[in-house]
2 protein chains.
Amino acid sequence: MSYLDRIFAANTHRLDGYLPFLVDGIRVGCVSHGFAETLSQWPEVFRIKDRHIALAADLEPAGVPVAERTRAVGEVLERLRERGLIDGWRDELYPVNRTWSEPAGLLIERAAVPWFGVRGYGVHMNGYVREPDGMRMWVARRSLTKPTGPGKLDQMVAGGQPANIGLRENMIKECEEEAGIPPKFAGRVCAVGAISYALETSIGFRPDLIFNFDLELPGDFSPVNTDGEVEDFYLWPMERVMETVRESDAFKFNCALVVIDFLVRHGHIAADDPEYSEIVEGLFARPEFPPGW
Amino acid sequence: MSYLDRIFAANTHRLDGYLPFLVDGIRVGCVSHGFAETLSQWPEVFRIKDRHIALAADLEPAGVPVAERTRAVGEVLERLRERGLIDGWRDELYPVNRTWSEPAGLLIERAAVPWFGVRGYGVHMNGYVREPDGMRMWVARRSLTKPTGPGKLDQMVAGGQPANIGLRENMIKECEEEAGIPPKFAGRVCAVGAISYALETSIGFRPDLIFNFDLELPGDFSPVNTDGEVEDFYLWPMERVMETVRESDAFKFNCALVVIDFLVRHGHIAADDPEYSEIVEGLFARPEFPPGW
């Protein structure tokens, strides 16, 4: 097994079974034919053609407020939640756009994001310690009751990125909730880039974008989980982190990529590794949409 | 002006004026219709169809040694050099592949790389110094006699990456040649990732991949150019580097992207910069080939 296997595992998109989802005439996601059929029950909200799905004519014009679209789509999603189709409801609104920096013409509940094949956003932080004998990384084991990836290894701190909070503010908030990192340390988190991937799941397509942060911690700090999302924390030498990512799928699929990005940026993967350029380029998946979108 | 303007400047590909160039049945580049017409004068080397250009039937089979293909194509390129079409000859062979890690089915002279629209590879190194009052970066001004980007700002050390030398070995060699950095310092260069872009030039298409290295230097070291390629070196506070990249095109177009990657990795661009995700994603251009390639 290799680092590349982790990247391949996170990039399984085919996209031939989907309809493009358009907002403001821009493709922002994709919807399975089955889910499109379900949405067709609300013609006052969604307009389905043979080649794509968009908002209904009353909601689509540029002048319609984002809040109005969000409310109309949200009511459909609530019905689907009641029917038990959409589960894992979070009460967090995510922007529907091609990349985080772009204005969003619609917000949708986080749990619905993969159903619409729109980008999901997250903030992940690798906490590390420099010791005289080398670098160590804090690794979290996800709670066994988590709906996704129970018991899998994770970053020290990671969370979803809803629309109504800045990336840094969210990261610092998660530091406190997930690992009990006080603001005096959390304030030192450093934004260091992002990774992206395109995963096909049983629900739909996930062309996610994860913002990566680094945080160097003093050797005498120990994390304490406060929100029940973490089973345990481990402080591992980099060699153990590297071997675990390379030789197993113990890390949650997207957390593995965030670790690999850390390894690349900190020079832990040699330039002459035979897979180096594929690893580095593989950390930025660009979902390729079928022709004609 | 903004960091994004630098990224836009390096990504100008349209690709509608090109024929795909295939080796071993894989698209590895693209050739302008005019250059394809020129190459059609050697039907024993190139086979041109209406939808693509490939090696001639005698050279294409998988069993043909790479050296034989390389020699046959090289003879054509020598003729084009004699005619004055291909200039800036370097006597360096570049691999023809989709990414550096991939085996190359053909090698071509560096000066011909943009003519065939195949990936060009390079190694660029940002040298920096940590001072009590903040970080400084070494910036080079390119020699006024350089064929590309004379007088433009550049990394402290940068060079092309030919096929017959490892990335790290090449980087260390360039450190000595370009900046007189002795092996005791150059040996500390740290591979930290890559950037890619897709630029259309008057010659052809450049979907290049640049490997980035960092090197922290002691405050009392001063670079000395030994190969005549550098006009001058400056040690600038990061604020000046940032302003120069953001507000001007003083840096050579691809060197600007390597600086921006450094700024991202070292936390000099805030996560909540309104263009953050576009900047981070923009540093990895994936040339999108037209449908049907």
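How many residues do chain A and chain B each bring to the contact? I looked this up and found 35 residues from chain A and 34 residues from chain B, with contact taken as heavy atoms within 4.5 Å.

I noted that this is a predicted model, in which local features need pLDDT of at least 70 and side-chain atom pairs count only at pLDDT 80 or more, while totals for chains, interfaces and linings use all residues. Residues are numbered from 1 along each chain as its sequence is written.

**Area.** I read a buried area of about 2,700 Å² between chain A and chain B, 55% of it from carbon and sulfur atoms. Buried area here is the accessible area (1.4 Å probe) that two parts lose on being put together, summed over both.

**Salt bridges.** I found two between chain A and chain B (a side-chain nitrogen of Lys or Arg within 4 Å of a carboxyl oxygen of Asp or Glu). One of the pairs I looked up is A:R119 with B:E281, at 2.7 Å from N to O.

**Chain A side.** By class, I listed 17 nonpolar, nine polar and nine charged residues on the side of chain A that touches chain B. Asp, Glu, Lys and Arg count as charged; Ala, Val, Leu, Ile, Met, Phe, Trp, Tyr, Cys and Pro count as nonpolar; the others, Gly among them, are polar.

**Positive phi.** I noted B:D24, not a glycine, with phi near 55°. B:D91 is likewise not a glycine and has a positive phi of about 55°.

**Accessibility.** I put B:D24 down as partly exposed because its relative accessibility is 37%, and B:D91 as exposed because its value is 64%. The cut-offs are under 20% for buried, over 50% for exposed and partly exposed in between (1.4 Å probe, protein chains only).

Conventions. Chains lettered and ligands numbered in written order. Heavy atoms only, no water.
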